[in-house]
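Let's take a walk through this model together, starting with its aromatic rings and then moving on to the two ligands. Have the sequence and the 3D view open as you read.

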Amino acid sequence: MTLIFKSDADSWADWRQHLRDAAPDLACRDWDEPGDDDSVEFALVWKPPFGELRRRFRNLKAIFSLGAGVDHLLADSDLPPGVPIVRMVEPELTRGMTEYVVLHVLRYHRQTPLFEEQQREHVWRVVPTPTAPKRRVGIMGLGVIGQDSLRVLSALGFALSGWSRTAKSIPGVTCHHGLDGLTAFLTEVDILVCLLPYTADTDNILNRNLLDRLPRGAYLINAGRGGLQDEDDILAALDSGRLAGVTLDVFREEPLPAGHAFWDHPNVTITPHNAGTAQAWSGAAEVAANIKRIRDGQAPLNIADPAAGY
Ligand code: NDP
Ligand code: OXD
């Protein structure tokens, strides 16, 4: 029983050690290490080359994504048929995402960019700062990460709204769903946080049509996927004052191309797609538990739905 591993980060040694600890009878090897591909039953991967999983590994029982998002896998039209794709759901990836969301929500809530500018200009000016209950944070995507972010934002006292595909009921959160619920959701939001997966339905959703429904001077934080955002429309919304500030962890093209207007825009904060990362010391146990389920004849947890795209 073998697991094949592929990542674009330098994390193989770490995962190998923790997979060994979590599943001692599982042989693990890196994508480029020679070995018997017919013995490979599990793949733990990030962005494998299209067609390779089907071509190389004839006995796959599950494909584990190294990320919570599976768009990098579902974009492959040549996947092995009938093999479940399992999302990475592990506590430390979720924690990292929640830390990112809370950090940047608080940064805008407490007007930190303004005070940083005042410091640069040696200006001492007190600006009234409301407390959290007077600030509404709206989360697009009420899945594992969206709900964990809401849990912490709720403890801080923010007014909270959420938007998802199907109806949700979350205590303390004004929930909306579907395209019919989008306007009511957006019109109340001071800080919009996007934690959606990238699918055919969410492609380019953060566009002018959506941004125009936000109150003037709203903030946007996108840590979902770059394909969710129309980058020209975001720049136009900043220039018109519709958006007061934008924080982006993800981009249409990654790394963000040199010369992109986001690099130098005074009201844009960028991070290099590292809001949340699966941690081997925690994630290996989740993968091992799912492999055990499969060997026991059960379906793994957190299977993605290829039809829905997430
Ligand atoms: P989940 O699958 O748990 O949740 C996805 C949420 O999005 C669900 O609430 C779902 O609605 C909602 N959704 C999907 N499609 C639509 C739609 N068309 N309209 C409205 N809502 C929709 O995912 P996670 O919370 O685990 O992860 C979310 C995303 O975060 C990942 O797909 C990935 O792209 C991104 N991510 C980014 C990272 C980074 O470092 N920047 C790290 C980790 C994840 P419903 O509840 O009705 O199904
Ligand atoms: C993920 C990511 O989807 O890191 O987990 O982007």
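**Rings first, then ligands**

Counting rings of Phe, Tyr and Trp whose centres lie within 6.5 Å, you end up with six aromatic pairs. Keep in mind as you look around that this is a predicted model.

Start with Phe5 and Trp15. Their rings sit 6.3 Å apart, centre to centre, with 35° between the planes, and that makes a tilted pair. The two partners come from distant parts of the chain: Phe5 belongs to strand β1 (residues 2–6), while Trp15 is in helix α1 (residues 12–22), ten residues apart. Are these rings buried or exposed? With a cut-off for buried of under 20% relative accessible area, Phe5 is buried at 1%, and Trp15 counts as buried too, at 3%.

Now move over to Phe42 and Phe64, another tilted pair, again 6.3 Å centre to centre but with 45° between the planes. Here the link runs between two strands, with Phe42 in β3 (residues 40–45) and Phe64 in β4 (residues 62–65), 22 residues apart. Phe42 has a relative accessibility of 0%, so it counts as buried. Phe64, at 3%, is buried as well.

Before leaving the rings, go back to Phe5 and Trp15 for a moment. Ring pairs tie these two together with Trp12, and the three make up a cluster.

On to the ligands. Where does ligand 1 sit relative to the domains? Domain 1 (2–90 + 278–295) and domain 2 (91–270) each contribute residues to the shell around ligand 1, so the ligand lies between them. That shell holds 29 residues, and the closest are Leu142, Thr166, Lys168, Asp249 and Tyr310. Sorted by class, the shell has 14 nonpolar, nine polar and six charged residues.

For polar contacts, look at the backbone. One nitrogen-to-backbone distance is 2.9 Å, from a nitrogen atom of ligand 1 to a polar backbone atom of Arg165. There is also a nitrogen atom of ligand 1 at 3.0 Å from a polar backbone atom of Ala223. An oxygen atom of the ligand joins in as well, 3.1 Å from a backbone N or O atom of Gly276. How much of ligand 1 does the protein bury? On its own, ligand 1 exposes 940 Å², and 92% of that is buried by the protein. As for secondary structure, the elements giving two or more residues to this shell are α4 (91–109), α6 (144–156) and β7 (159–164).

Hold on to Gly276, because it also leads you to ligand 2 and appears in the list of residues around that molecule. The others in that list are Trp46, Gly67, Ala68, Gly69, Leu93, Arg225 and His273. By class, that gives three nonpolar, four polar and one charged.

Two of the polar contacts here involve side chains. An N or O atom in the side chain of His273 is 2.6 Å from an oxygen atom of ligand 2, and one in the side chain of Arg225 is 2.7 Å from an oxygen atom of the ligand. Gly276 takes part through its backbone, where a polar atom lies 3.5 Å from an oxygen atom of ligand 2. Taken by itself, ligand 2 has 210 Å² of accessible area, and the protein covers 84% of it.

Technical notes:
Residues are numbered from 1 along each chain as its sequence is written. Chains are lettered from A and ligands numbered from 1 in the order in which they are written. This is a predicted model: local features need pLDDT of at least 70, side-chain atom pairs count only at pLDDT 80 or more; totals for chains, interfaces and linings use all residues. Side-chain values use heavy atoms; hydrogens and water are left out. A residue is near a molecule or strand if one of its heavy atoms lies within 4 Å of it. A polar contact is a pair of N or O atoms within 3.5 Å; within protein, one must be able to donate a hydrogen and the other to accept it, and residues adjacent in sequence count only if both atoms are side-chain atoms. Accessible areas come from the Shrake-Rupley method with a 1.4 Å probe; for residues, only the protein chains shown count as cover. Helices (H or I, at least four residues) and strands (E, at least two) are DSSP runs, numbered from the N terminus. Ala, Val, Leu, Ile, Met, Phe, Trp, Tyr, Cys and Pro count as nonpolar, Asp, Glu, Lys and Arg as charged, and the others, Gly among them, as polar. Domain bounds come from an automatic or database domain assignment. Rings of Phe, Tyr and Trp (its six-membered ring) pair if their centres lie within 6.5 Å; planes under 30 degrees apart count as stacked, over 60 as edge-to-face and the rest as tilted. Buried means under 20% relative accessible area, exposed over 50%, partly exposed in between (1.4 Å probe, protein chains only).
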